[in-house]
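This briefing goes through one protein model by topic. Please have the sequence and the coordinates open while reading.

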Amino acid sequence: MQRYTSDSAPSSASTQHPVSHPPGAGVDLSDTAAPPHNLEAEQALLGAILLNNAALDRVPPTFVDDHFYDPLHRAIFFAARQSIQSGRLATPITLKSFFEATPPIRPDLTVPQYLGQLAANAGTIISVADYARTVSDLAHRRQLILIGEDLAATAQDSAIDYPPLELIEESEGKLFALAQSATGEVGVSLTFGEAATEGVRLAEATARGERRGLSTGLIDLDIKLGGMQATDLIILAGRPAMGKSALATNIAVHVAKSLGLFVDFYSLEMSPEQLALRQLASDIEVPSDRMRTGKLSSQQLEALARAAHALQDLPLSIDKTGGISIAQLSARARRTKRRKNTGLIVVDYLQLMQASRRRSSGNRVEDITEITTGLKALAKELSVPVLALSQLSRNVEHRDNKRPQLSDLRESGSIEQDADVVMFVYREEYYLEKAQPAVSDPSAYADWQSKMAQAAGKAEIILGKQRHGPVGIVPVAFSGEFTRFSNLAREGNQ
């Protein structure tokens, strides 16, 4: 139980006594080392609300009980807000019953009496927003101090094998969360009515042809998805050589080039140089094997230089850290979002990621669960789509029908559960090439040629799961020599 002094109670002749917090709180307001706080601002804010309940509307929606330094002030604000939001008055009289059993602040001042003093000495409603801002700013300063103290203590006492980088990234995560809280980017809830109104607005915008999600650059896929939605975890899976990385790179470059949004690309498998050369080969239509072997004409080299120059200012960064952990990736993504206002995050691919060092169980299924849960949480936290690539198990190769399905995902339980969208890349042409019959069997060879003619230059993006939309197959064009996916001619769609 706290006891009040003159500098904590509302100014009045009857409350000129020093204040201290209850035993065990570890705080003495007479101590100059006490954390930053302003009890007068807290009292003025509470008094204004108790005097005129409309003052609560001027308090920012991000303001929470814990912003108050004084525990009793937190309890008063909570009780007042609950009453007002329930359609009841919050006055010293109506709140009296909430605090009748609370021990007195001091022998001559009960909590109900203190409520009356708060209202009697209230500030004006006009200043409520300023009072709230003062109280919340000081609360954020206190949180910064706690983060700093925790950082110092952990750095001092951590085990010798505990990597400092993990501590840095954990602290960055806490600072990012605090920054979002301070700017009102998170923690704001909507009533169901407000959510319904926003849903109708979005539906009307979609009906007018406005697409909410980010375009992939593939028209038919955008129609099925409605674009890549903010907060969604999108899994793009396939067997090796199906073109997962090529498709992800095509999408990333389209978002950066055509939409002008910053793309944060984590390439755990290929180097940035390899990805860049692959994209350049696609742009200038030079077979990628020539790029690798250097068999380029002078004209092609000039075209390559021009294409590279055109991509100089592309808002896309590639992080090449191998074996990055979900904690490291999240910390870096937060930092990039803060600096660049990221529009899309791409991870190639999630089986190459590591679980947090302190949480890793050695069980890969549990590690993948932590990774996919972390990626979904990151998508929601940063309000961007996260496109994560995934390998498929070899089960596909043992079936006659090699089109992938959800059960083919490695460690599929958590991936399928956490993902909002699961897409598979499938190219019939790849498997037909491997199954070429001998020319000496004319009937089989002719049948094979017919199938190859139908499959040549085509691929399928199979929507195996979509939380808020249809599933199905989206035909697209694929140019193997340029490693490029593109829109299939409309008359070729089925």
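The points below cover a helix, a sheet and a set of salt bridges.

The model is predicted. It contains an open sheet of 9 strands with mixed pairing, and it holds 10 salt bridges. Helix α2 is described first, from its length to its two ends.

**Helix α2**

- Helix α2 covers residues 71–85, and at 1.5 Å a residue its 15 residues should span 21 Å. The C-alpha atoms at its ends are 21 Å apart, which agrees with that expectation.
- At the start of α2, a side-chain oxygen of Asp 70 comes to within 2.9 Å of the backbone nitrogen of Leu 72.
- Leu 72 is also one of the buried residues of α2. The others are His 73, Ile 76, Phe 77, Ala 79, Ala 80, Arg 81, Ser 83 and Ile 84.
- These buried residues of α2 pack against three helices: α1 (39–51), α3 (96–99) and α4 (111–120).
- Just after α2, Gly 87 has a positive phi of about 85 degrees.

**The sheet and helix α9**

- The strand order of the open sheet is β3-β2-β4-β5-β1-β6-β7-β8-β9.
- Strands β3 (316–319) and β9 (484–486) form the edges, each pairing on one side only.
- On average, neighbouring strands of this sheet are turned by 25 degrees against each other, direction ignored.
- Strand β2 (residues 262–267) runs parallel to β3 and is joined to it by 4 bridges. Within this pair, Val 263 stands opposite Leu 316 of β3.
- Helix α9 (residues 244–258) packs on the sheet. The strands it touches are β1 (233–238), β2, β3, β4 (342–348), β5 (386–391), β6 (421–426), β7 (458–466) and β9.
- The direction of α9 makes about 170 degrees with that of β5.

**A salt bridge within helix α5**

- Asp 130 and Arg 133 meet through their side chains in a salt bridge, at 2.9 Å from N to O.
- Both residues lie in helix α5 (residues 128–157), 3 residues apart, which is about one turn of the helix.
- Asp 130 has a relative accessible area of 43% and is partly exposed. Arg 133 also counts as partly exposed, at 44% relative accessibility.

**Salt bridges involving helix α14**

- The side chains of Arg 334 and Glu 381 form a salt bridge of 2.7 Å, N to O. Arg 334 belongs to helix α13 (residues 326–340) and Glu 381 to helix α14 (residues 364–382), so the pair ties together parts that are 47 residues apart in sequence.
- Buried means under 20% relative accessible area, so Arg 334, at 16%, counts as buried. Glu 381, at 24% relative accessibility, counts as partly exposed.
- Asp 420 and Lys 376 form a salt bridge in which the closest N and O atoms are 2.7 Å apart. Asp 420 sits in the loop between α15 (412–418) and β6, while Lys 376 is in helix α14, so this pair ties together parts that are 44 residues apart in sequence.
- Both Asp 420 and Lys 376 are buried.
- A network of salt bridges links Lys 376, Asp 420 and Arg 467.

Definitions and conventions. Residues are numbered from 1 along each chain as its sequence is written. This is a predicted model: local features need pLDDT of at least 70, side-chain atom pairs count only at pLDDT 80 or more; totals for chains, interfaces and linings use all residues. Side-chain values use heavy atoms; hydrogens and water are left out. Helices (H or I, at least four residues) and strands (E, at least two) are DSSP runs, numbered from the N terminus. The expected span of a helix is 1.5 Å times one less than its number of residues. Buried means under 20% relative accessible area, exposed over 50%, partly exposed in between (1.4 Å probe, protein chains only). Contact means heavy atoms within 4.5 Å. A polar contact is a pair of N or O atoms within 3.5 Å; within protein, one must be able to donate a hydrogen and the other to accept it, and residues adjacent in sequence count only if both atoms are side-chain atoms. Two strands pair if DSSP finds at least two bridges between them. Axes are lines fitted to C-alpha atoms, for helices over the stretch in contact, and angles run from 0 to 180 degrees between N-to-C directions. A salt bridge is a side-chain nitrogen of Lys or Arg within 4 Å of a carboxyl oxygen of Asp or Glu.
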